Amino acid sequence: GRQDQALAAAKRYLALMNGLFMEVNPIPVKTALNLMGKDAGPFRLPLCEMSEGNTARLRSLLEKAGLLG
């Protein structure tokens with residue numbers, strides 16, 4: 001029954017949600033958790049670290065969403 005609040009939250013996080021698919025999952029999700037200080041741990045083969053450019057872009061999206069200090 002709180003459609004306005006739901007719409008506001010969806011708009012606030014839409015860019016981040018889309019950004020979590022900029023590379024093969026779960027790489028962006030795990031990188032985001034590590035950037036947020038959660039211990040998601042290292043990647044295991046065949047997964048690898050995100051590119052520096054995409055990591056910077058993801059960091060920016062997390063900051064804009066208010067999830068990084």
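Which helix holds Thr-31? The legends below start from the whole chain and then come to that residue, which is found in helix α2, residues 27-35.

**Figure 1. Overview of the predicted model.** Welcome to the whole chain, shown here as a predicted model. The secondary structure comes to three helices and zero strands, and from the N terminus on the elements run α-α-α. Along its principal axes, the C-alpha trace spans about 45 × 25 × 20 Å. Of the 69 residues, 28% count as buried. If you like to think in contact maps, take the contacts between residues at least 6 apart in sequence: 54% of them join residues at least 24 apart.

**Figure 2. Close-up of Thr-31 in helix α2.** Here we zoom in on Thr-31, which sits in the helix made of residues 27-35. Its relative accessible area is 8%, under the 20% cut-off, so Thr-31 counts as buried. The side chain of Thr-31 reaches back to the backbone oxygen of Ile-27, at 2.8 Å. Looking past the neighbours within four places in sequence, you will find Thr-31 in contact with Phe-43, Met-50, Thr-55 and Leu-58.

**Figure 3. The buried side of helix α2.** Stepping back a little from Thr-31, this view takes in its helix. Ile-27, Pro-28, Lys-30, Thr-31 and Ala-32 are the buried residues in α2. What do they pack against? The partners of these buried residues are α1 and α3. Just after α2 comes Gly-37, with a positive phi of about 90 degrees. For context, most residues other than glycine have a negative phi.

**Figure 4. Helix α1 packed with helix α3.** A helix pair is described by the angle between the two axes and the distance between them. For α1 (residues 3-19) and α3 (residues 52-64), the angle is about 160 degrees and the axes are 9 Å apart. An angle over 145 degrees counts as roughly antiparallel, which means that α1 is roughly antiparallel to α3. The crossing of these two helices is left-handed. On the α1 side, the residues that meet α3 are Ala-15, Leu-16 and Gly-19; their partners in α3 are Leu-58, Leu-61 and Leu-62. By type, the residues of this contact divide into five nonpolar, one polar and no charged.

**Figure 5. Close-up of Leu-61 in helix α3.** Now we pick out one residue from the helix pair. Is Leu-61 of α3 buried or exposed? Leu-61 is buried, with a relative accessible area of 13%. Not counting residues up to four places away in sequence, Leu-61 touches Ala-15, Leu-16, Gly-19 and Met-22. Ala-32 is worth finding in this view too: Leu-61 and Ala-32 are 29 residues apart in sequence, and their C-alpha atoms are 9.7 Å apart in space.

**Figure 6. Two cis peptide bonds in the loops.** Most peptide bonds are trans, and this last pair of panels shows two that are cis. In one panel, the bond from Asn-25 to Pro-26 is cis, with omega near 10 degrees. Pro-26 lies in the loop between α1 and α2. In the other panel, the bond from Leu-45 to Pro-46 is cis, with omega near 15 degrees. Pro-46 has its place in the loop between α2 and α3. If you set up your own dihedral check, these are the two omegas to look up.

Definitions and conventions:
Residues numbered from 1 in each chain as written. Predicted model: local features only at pLDDT ≥ 70, side-chain atom pairs only at ≥ 80, totals over all residues. Heavy atoms only, no water. Helix = DSSP H or I, 4+ residues; strand = E, 2+ residues; numbered from the N terminus. Buried < 20%, exposed > 50% of the residue type's maximum accessible area, 1.4 Å probe, protein only. Polar contact = N/O pair within 3.5 Å; in protein donor to acceptor, adjacent residues only side chain to side chain. Contact = heavy atoms within 4.5 Å. Axes fitted to C-alpha atoms, helices over the stretch in contact; angles between N-to-C directions. Parallel < 35°, antiparallel > 145°, perpendicular 65-115°, else oblique. Left-handed = near helix turned anticlockwise from the far one by under 90°. Nonpolar A, V, L, I, M, F, W, Y, C, P; charged D, E, K, R; others polar.
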